Amino acid sequence: MDHGLAKQRQANGDKGDDGYGTIAIILAYVDDKNLLLHHDDVKYFLDRFKELGEQLGAVLNTEKRRILTSTDNESTVQKLLTSSTLRLTMMGTLLQQAIQHYSTDKDKSPVEVTDGLRVLGSPIGSHNYCKTFLSNAMQKATSDAHKLLNNLEDLQTITRIYSQCTVHKMTHLFGCDVYNSPLEDLPNKNYLWESDLTSQFSDMTNHVLSSITNKNDLPTHSHIIANMAIKQGAKLTHLDYVFNTSINKSRETIKEHAAIKMRKEVLEDENITPFEIRKVLPGILDRRTSMALMTMSRLEERQRVKNNIFALALKRKLRLKIFDDGLHHTCKCSKPIDDYGDHFLGCPICHKTTASNGIRDGIIQVFQRVLPVAKMIKSTTQVECQTQTHNIVPSLPRLKPFDLSIRLDHSLDPGAWRVPFSRIDLRLRVGERKKFERNRGGTNILTKRTLTPDEVIGEILDSNYSFIPIAIGPHGEIRSLFNRFLHGGNTLPLPNFNKNRPNAERAAQRSIPQHLGVY
């Protein structure tokens with residue numbers, strides 16, 4: 001390359017960072033180029049590429065380049081050179097020269113590949129070559145998983161690295177495993193593939209899970225949940241698929257279809273998953289808890305989870321028994337404790353203040369970022385936590401019946417979010433089914449007026465407020481009303497209210513999002 005400009009800069013006293021006027025260095029490798037060429041064209045193409053490419057900095061790396069001539073472990077070059085036909089002999093000579101010049105080991109000895117090659121990370125070649133390639137990749141992944149368990153102490157870190165690094169070295173090879181198998185071995189259902197590779201992969205994942213949860217044997221449903229995508233409600237192996245109709249992404253559609261089939265026809269099969277597990281699957285498979293376990297950044301210290309808590313959360317996610325000592329445990333409320341620990345989240349004696357406050361604060365942070373964008377509020381101060389709300393109930397101004405409130409702004413531009421209410425109040429409950437029915441009344445110390453819980457609700461509604469309950473299930477799932485407010489969709493039918501609770505029925509009807517103008 002002409003270094004005239006660099007010399008001129010050096011002569012002018014500008015020596016640059018190299019002392020020679022900053023000489024341009026252009027060196028690049030064109031990697032992952034896969035070509036299918038006729039034997040006659042191999043040498044010509046490589047010669048021309050070298051001639052034209054090196055001028056632009058595209059340098060051929062002979063130690064990485066390989067020329068595949070066959071997949072039956074027999075040299076095509078030798079077959080051509082020993083042919084009785086002159087044309088084939090000349091073809092063999094050109095092919096041999098191409099291999100000698102462009103496909104060599106470090107000692108410059110020529111390399112003719114006759115079994116297979118790795119193309120974009122996948123093996124292409126003979127059955128034995130692909131089988132060996134897949135086996136070696138599986139052994140490497142298993143070794144990496146053992147290193148994680150043996151050298152790291154933080155369980156959340158182990159799981160994240162395993163999910164995002166170790167597993168991703170294997171998932172793209174499952175398709176290779178299928179097309180490298182005889183047609184008669186293919187299953188009738190494409191989502192029920194079984195082979196040596198899948199068995200070894202399952203053993204690796206089960207070993208990691210067993211080490212983290214201290215469980216020797218994992219039930220089938222736990223293994224299936226661990227391998228499901230977040231979109232389908234679970235996650236350990238991070239196989240997240242997004243629908244795309246383009247040709248290049250058509251396989252992703254097939255994967256998503258298979259994931260849905262796995263849930264409906266395998267995980268929810270009564271012969272595989274017991275009834276007591278199947279009835280809680282909707283809560284277990286809520287993707288929010290999966291995201292909290294597997295995708296949140298650990299750069300912020302407050303998002304790091306201690307080992308004992310992470311192991312417990314993972315057991316809950318995989319529906320593993322927390323108490324498996326065979327003993328009968330009793331809660332301080334005198335009721336029996338189930339093996340899965342479900343009782344604690346429904347027990348009124350067990351305080352859930354820390355969990356409730358954490359969820360509330362998280363919702364406030366989300367609302368403060370999202371609601372101004374949706375033109376529902378103008379300022380983040382319009383999202384208030386319980387300590388900031390005042391005079392919600394006119395007759396009981398000191399009563400604070402909600403966990404957070406949204407003060408709506410009707411002075412925004414015409415494109416703003418329009419509703420007939422001035423405030424949306426939200427109350428949070430975690431696990432307990434009866435908490436909303438235990439709303440307290442109160443007595444005004446000045447007027448001595450006493451209000452029943454239903455009368456409190458009536459005054460709130462008469463003040464042009466709306467009330468939406470935030471119900472969090474025992475597995476972290478968001479129940480239908482608040483989920484509808486966030487994402488749309490249908491809600492469960494409203495229950496039948498007692499005649500002595502007319503305001504509770506009014507509040508329930510008003511809480512359905514379509515009454516708030518959300519469509």
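The paragraphs below go through the confidence of this predicted model and then through its helix packing, aromatic contacts, unusual backbone angles and cysteines.

Across the protein chain the mean pLDDT is 81, and 85% of the residues reach 70 or more. Among the helices and strands, confidence is highest in helix α5, residues 127-151, at a mean of 95, and lowest in strand β10, residues 442-443, at 65. Two stretches call for separate mention. Over residues 238-245 pLDDT stays under 50, and the model has 25 contacts there that reach beyond four places in sequence; residues 513-519 also stay under 50, with 22 contacts of that kind.

Helix α13, which spans residues 287-294, shows how one helix is placed against its surroundings. Its residues T289, S290, L293 and M294 are buried, and because the four cover an arc of only 115° around the axis, they lie on the same side of α13. The partners against which these buried residues pack are α6 (155-166), α12 (281-284) and α14 (307-317).

The aromatic rings supply another set of contacts, and a search of the whole structure finds 8 aromatic pairs. In one of them, the ring centres of F367 and F485 are 6.2 Å apart and the planes stand at 70°, which is over the 60 degrees required, so the pair counts as edge-to-face. Since F367 belongs to helix α16 (residues 353-370) and F485 to helix α18 (residues 480-487), this pair ties together parts that are 118 residues apart in sequence. Both F367 and F485 are buried, and together with F482 they form one aromatic cluster.

A further pair, F402 with F467, is tilted, with 5.3 Å from centre to centre and 40° between the planes. Here F402 comes from the loop between β7 (383-385) and β8 (404-407), whereas F467 is in strand β12, so the pair ties together parts that are 65 residues apart in sequence. F402 and F467 are both buried.

Aromatic rings also take part in contacts with charged side chains. R319 lies over the face of Y340, at 4.1 Å from the ring centre, while the charged end of R423 sits over the ring of Y465 at 5.3 Å from its centre.

Turning to the backbone, most residues other than glycine have a negative phi. Against that background, S334, although not a glycine, has a positive phi of about 80°. S334 is found in the loop between β5 (329-330) and β6 (336-337), where its relative accessible area of 62% makes it exposed. N464, likewise not a glycine, has a positive phi of about 70° and lies in the loop between α17 (453-462) and β12 (465-472). At 33% relative accessibility, N464 counts as partly exposed.

The last topic is the cysteines, for which a search of the whole structure finds 0 disulfides. C350 is in no disulfide, and the nearest cysteine sulfur, that of C347, is 3.8 Å away, whereas a disulfide would need the two sulfur atoms within 2.5 Å. With regard to solvent, C350 counts as buried at 15% relative accessibility, while C165, at 41%, counts as partly exposed.

Definitions and conventions. Residues are numbered from 1 along each chain as its sequence is written. Side-chain values use heavy atoms; hydrogens and water are left out. pLDDT is the predictor's confidence in each residue, from 0 to 100. Helices (H or I, at least four residues) and strands (E, at least two) are DSSP runs, numbered from the N terminus. Contact means heavy atoms within 4.5 Å. Buried means under 20% relative accessible area, exposed over 50%, partly exposed in between (1.4 Å probe, protein chains only). The arc is that of the directions from the helix axis to the C-beta atoms. Rings of Phe, Tyr and Trp (its six-membered ring) pair if their centres lie within 6.5 Å; planes under 30 degrees apart count as stacked, over 60 as edge-to-face and the rest as tilted. A charge sits over a ring if NZ of Lys or CZ of Arg is within 6 Å of the ring centre and within 35 degrees of the ring normal.
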